[in-house]
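Here are my notes for someone opening this one up fresh. Have a look around first, then read the points in any order you like.

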Amino acid sequence: MSKKPSIGTLCVHAGYASGKGQPRQMPIVQSTTFKYETSDQMARLFDLEDAGYFYTRLANPTNDMVAARIATLEGGVAGMLTSSGQAANFYACFNIANAGDHIVSATSIYGGTFNLLGTSMAKMGIEVTFVDQDASEEEIAKAFRPNTKLLFGETVSNPGIAVLDVEKFARIAHSHGVPLIIDNTFATPVNYRPIEHGADIVTHSTTKYMDGHGVSVGGAIVDSGNFDWEAHADKFPGLCTPDESYHGLTYTKKFGKLAYITKATSQLMRDFGSIQSPQNAFYLNLGLQSLHVRMARHCESAKKVAEWLRTHPMVSWVNQSDLCGVLAFGLKGGRDFAIKFMDALRIVTIETHVADCYTCILHPASHTHRQMSDEQLLEAGVAPDLVRLSIGLEDADDIIYDIDQAIKTAQAE
Ligand SMILES: *Cc1c(COP(=O)(O)O)cnc(C)c1O
């Protein structure tokens, strides 16, 4: 058979193949440590001379199989799992940006990542400049400095559902000799593979669609293997000059296309330890095996609900993209009406989460951003009437019925 497997087949099979008499399902290797026969074998692992497992804080076979599955889905050469999406974005950036360095990022990104870059990484001495992702290439280029180490963006932004022009971002990053890091959480590789459009590193909060059932928090990083670190060696000394904590080995020389992920595992996981538990990696794997089936349903239902919302007189606008099942819409009637509406919902639940099997709703002006005035909300890029709706796996007709009855109930009050 010479046909390249399609994405659905990869969701089920990539990263794990069982041999004769071996478990059909990917096993959980629930062990902190791994045994060796000789002192020399162990020493070679610590010198990164041999590949192998020694401690689950750095790497674990179950995690690696799941990471390999995600890397294959994204079309990358290597991947790693982290304890959360936050850890994935932190590691992805901190692996190549140190104190004194600078990052350029789109403004339309997940609030947690906005804080990570703008507050916590700032405390570590890494500066960020946020740019309007819809600005021209010339305008965005103005944000770059000699010490800029990466460009960051999200395929589809949370909560605004703004779709990023990844190819434009890739051109801008590469013309400045830095990699493009894309958070592909909302689209998932089933609907969009940023590497095919020029991204160098892809990150995920696997907590969302990949897990898909609201059971485990996790993250992933995938390297395309495409960025030529050596060509910009002066910018990336961490990858291109000797690491004294590993007897002076140089990641790019020793590991080639695996340099970036190897450094993130052997340095950042070693020192920060934000590893995903093998048990959670196993749950994530179960989610991945149906990702292609679920994404199709999430997107089809989101489209149906969006079409219905567009015709409703109480709805002022709808933002929906075929890339994911999360949509945003404007509800007329102000904050009071939004609260009455949400309290009247029966199937749709009020949650800060998104992108799993349960349909859920959030009104930032009443919830996550409730301390802000309407003017402040607009400044933060969140419309006061914006309602975020994440379409689950219930029947679309039932979701529509629930929204309809809740608007009627709110109107009657
Ligand atoms: C949720 C989310 C994150 C953070 O992930 P956690 O798993 O909650 O740490 C990062 N990026 C995006 C786009 C998200 O939706």
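1. What covers the buried residues of α7? Bear in mind as you look that this is a predicted model. The cover includes β2 (102–106), β3, α6, β4 and β5 (180–183). The helix itself runs over residues 166–175, and its buried members are Val166, Lys168, Phe169, Ala170, Ile172 and Ala173. Just past the helix, have a look at Gly177: it follows α7 and has a positive phi, near 70 degrees.

2. Next, go to helix α4, residues 85–94. This one is mostly covered, with 9 of its 10 residues buried. The buried ones are Gly85, Ala87, Ala88, Asn89, Phe90, Tyr91, Ala92, Cys93 and Phe94. At the start of α4 there is a small detail to zoom in on: a side-chain oxygen of Ser84 comes to within 3.4 Å of the backbone nitrogen of Gln86.

3. Gly85 turns up again at the ligand. Which residues are closest to the ligand? They are Gly85, Asp183, Ser205, Thr207 and Lys208, out of 16 residues that surround the ligand. Three of these have side chains worth checking against the ligand's oxygen atoms. For Thr207, a polar side-chain atom sits 2.6 Å from a ligand oxygen. For Lys208, the distance from a side-chain N or O atom to an oxygen of the ligand is 2.7 Å. For Ser205, a polar side-chain atom is 2.8 Å from a ligand oxygen. On its own the ligand would expose 380 Å², and the protein buries 92% of that.

4. Now the charged pairs. How many salt bridges does a search of the whole structure find? The count is 14. As background, side chains of opposite charge can pair when their charged atoms come close. One of the pairs is Glu127 with Arg145, where the closest N and O atoms are 3.2 Å apart. This pair links distant parts of the chain, 18 residues apart: Glu127 belongs to strand β3 (residues 127–131), while Arg145 is in the loop between α6 (137–141) and β4 (148–154). Glu127 is partly exposed, at 45% relative accessibility, and Arg145 is partly exposed too, at 33%.

5. Two more bridges are worth a click. Lys142 and Glu139 meet through their side chains at 3.1 Å, N to O. Lys142 counts as exposed because its relative accessible area is 62%, over the 50% cut-off. Glu139, at 44%, is partly exposed. The other bridge joins Arg270 and Asp271, with the closest N and O atoms 2.7 Å apart. Both ends are partly exposed: Arg270 at 24% and Asp271 at 49%.

6. Helix α11 (residues 259–272) holds Thr262. Is Thr262 buried or exposed? Its relative accessibility is 17%, so Thr262 counts as buried, the cut-off being under 20%. Setting aside neighbours within four places in sequence, Thr262 is in contact with Tyr251, Phe255 and Gln267.

7. On the surface, find the nonpolar patch made by Val215, Tyr283 and Leu286. Together these residues have about 260 Å² of accessible area. Leu286 is part of helix α12 (residues 278–289). With a relative accessible area of 39%, Leu286 is partly exposed.

8. Last stop: Ser18, in the loop between α1 (7–13) and α2 (39–46). Its relative accessibility is 25%, so Ser18 counts as partly exposed. Which residues does Ser18 contact, leaving aside neighbours within four places in sequence? Those are Pro23 and Arg24. The side chain of Ser18 also reaches the backbone oxygen of Pro23, at 3.4 Å. Looking the other way along the chain, Ser18 and Ile7 are 11 residues apart in sequence and 20 Å apart in space, C-alpha to C-alpha.

Key. Residues are numbered from 1 along each chain as its sequence is written. This is a predicted model: local features need pLDDT of at least 70, side-chain atom pairs count only at pLDDT 80 or more; totals for chains, interfaces and linings use all residues. Side-chain values use heavy atoms; hydrogens and water are left out. A salt bridge is a side-chain nitrogen of Lys or Arg within 4 Å of a carboxyl oxygen of Asp or Glu. Helices (H or I, at least four residues) and strands (E, at least two) are DSSP runs, numbered from the N terminus. Buried means under 20% relative accessible area, exposed over 50%, partly exposed in between (1.4 Å probe, protein chains only). Contact means heavy atoms within 4.5 Å. A polar contact is a pair of N or O atoms within 3.5 Å; within protein, one must be able to donate a hydrogen and the other to accept it, and residues adjacent in sequence count only if both atoms are side-chain atoms. A residue is near a molecule or strand if one of its heavy atoms lies within 4 Å of it. Accessible areas come from the Shrake-Rupley method with a 1.4 Å probe; for residues, only the protein chains shown count as cover. Patches are made of residues with over 30% relative accessible area and no salt bridge: like charges are joined within 9 Å, nonpolar side chains (Val, Leu, Ile, Met, Phe, Trp, Tyr) within 5 Å.
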